[in-house]
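This report goes through one chain, from its overall fold to single residues. The sequence and the structure are shown first.

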Amino acid sequence: MKRLDIETARAVAFRYLGYSARTRAEIEQRLLRDEFPGDIVAKVVDELHASGYLDDTAYARQWVEDRADRKRYGRVRLAAELNRKGIGRETASEALSGIEEDDEFRRAFQAAASRWAAEDPLALDWQLLQKEKSRISGFLMRRGFTWQTIKKVLDSLTENTA
């Protein structure tokens with residue numbers, strides 16, 4: 001290991017971290033992309049972790065809080081995003097455990113209400129209402145909400161129809 005290579009890799013890693021928080025896997029991928037040897041990558045990543053610059057657990061918690069509220073994403077989508085960022089299943093599960101059912105429902109309802117085309121569900125015939133429900137269901141599924149949450153949202157949106 002050359003000292004210059006380690007210092008260069010460290011500089012690249014710090015520059016990459018300077019843009020935003022990153023996961024351990026993202027830093028590793030970035031350094032490997034620049035063709036640093038594996039032993040140097042491992043040493044730099046371990047140094048960053050030991051000095052507190054890399055903390056996947058804290059990153060996952062912050063990521064979930066931000067994306068859940070700002071983007072109105074559900075647990076399924078958040079878990080998939082964390083997985084893509086190299087966060088382990090256990091760490092992701094721990095971060096997602098902070099999401100309460102009521103908060104999940106509130107986010108799903110807000111997302112669906114902004115897309116709900118029917119001002120008065122009573123004015124729609126059965127076929128149009130089913131089409132609207134199907135459209136909203138697909139939208140919420142792509143946002144990562146479970147079927148149980150989607151059903152509760154649809155029931156709330158159409159509670160006047162019975």
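## Secondary structure and overall shape

The chain of this predicted model has nine helices and zero strands. In sequence order the pattern is therefore a run of helices, α-α-α-α-α-α-α-α-α. The radius of gyration is 22 Å, well over the 15 Å that the globule rule gives for 162 residues, so the chain is more spread out than a compact globule. Along the principal axes, the C-alpha trace spans about 75 × 25 × 20 Å.

One pair of residues gives a distance to set beside these spans. Glycine 18 and tryptophan 126 are 108 residues apart along the chain, and their C-alpha atoms are separated by 54 Å. Glycine 18 belongs to helix α1. With a relative accessible area of 62%, glycine 18 is exposed, because the cut-off for that class is over 50%.

## Burial, surface and contacts

Of the 162 residues in the chain, 38% are buried. The accessible surface amounts to about 10000 Å², and carbon and sulfur atoms account for 48% of it.

Contacts between residues at least 6 apart in sequence can be sorted by separation: 65% of them join residues at least 24 apart.

## Charges

The chain carries 29 positive and 28 negative charges. The mean positions of these two sets are 4 Å apart.

## Aromatic pairs

How many aromatic pairs does a search of the whole structure find? The count is three. One of them joins phenylalanine 14 and tyrosine 53, with 5.0 Å from centre to centre and 90° between the planes, which makes the pair edge-to-face. Phenylalanine 14 sits in helix α1 (residues 3-19) and tyrosine 53 in the loop between α3 and α4, so the pair ties together parts that are 39 residues apart in sequence.

Both partners have some accessible area. Phenylalanine 14 is partly exposed, at 35% relative accessible area. Tyrosine 53 is also partly exposed, at 47%.

## Positive phi outside glycine

Which backbone angle stands out at glutamate 35? Its phi is positive, about 65°, although the residue is not a glycine. Glutamate 35 is placed in the loop between α2 (24-33) and α3 (38-50). The residue is exposed, with a relative accessible area of 70%.

Arginine 72 is another such case: its phi is near 55°, a positive value in a residue other than glycine. Arginine 72 is in the loop between α4 (56-70) and α5 (75-84). Is arginine 72 exposed or only partly exposed? At 30% relative accessible area it counts as partly exposed, because that class lies between the 20% and 50% limits.

## Leucine 154 and its surroundings

Leucine 154 is part of helix α9 (residues 147-157). With 5% relative accessibility, this residue counts as buried, since the limit for burial is under 20%.

Which residues does leucine 154 touch, leaving out those up to four places away in sequence? They are Lys133, Ile136, Ser137 and Trp147. For lysine 133, a C-alpha distance is also available: it lies 21 residues from leucine 154 along the chain, and the two C-alpha atoms are separated by 6.8 Å.

## Two further C-alpha distances

Alanine 79 is in helix α5 and is partly exposed, with a relative accessible area of 27%. Between the C-alpha atoms of alanine 79 and arginine 89, which are 10 residues apart along the chain, the distance is 8.1 Å.

Serine 93 is in helix α6 (residues 89-96). Its relative accessible area is 45%, so serine 93 is partly exposed. Serine 93 and glutamate 104 are 11 residues apart in sequence, and from C-alpha to C-alpha they are 15 Å apart in space.

Notes: Residues numbered from 1 in each chain as written. Predicted model: local features only at pLDDT ≥ 70, side-chain atom pairs only at ≥ 80, totals over all residues. Heavy atoms only, no water. Helix = DSSP H or I, 4+ residues; strand = E, 2+ residues; numbered from the N terminus. Buried < 20%, exposed > 50% of the residue type's maximum accessible area, 1.4 Å probe, protein only. Rg over C-alpha atoms; globule rule 2.2 N^0.38 Å. Contact = heavy atoms within 4.5 Å. Areas by Shrake-Rupley, 256 points an atom, 1.4 Å probe, with all protein chains shown as cover. Lys, Arg positive; Asp, Glu negative; His and termini not counted. Charge placed at Lys NZ, Arg CZ, Asp CG, Glu CD. Phe/Tyr/Trp six-rings, centres within 6.5 Å; stacked < 30°, edge-to-face > 60°.
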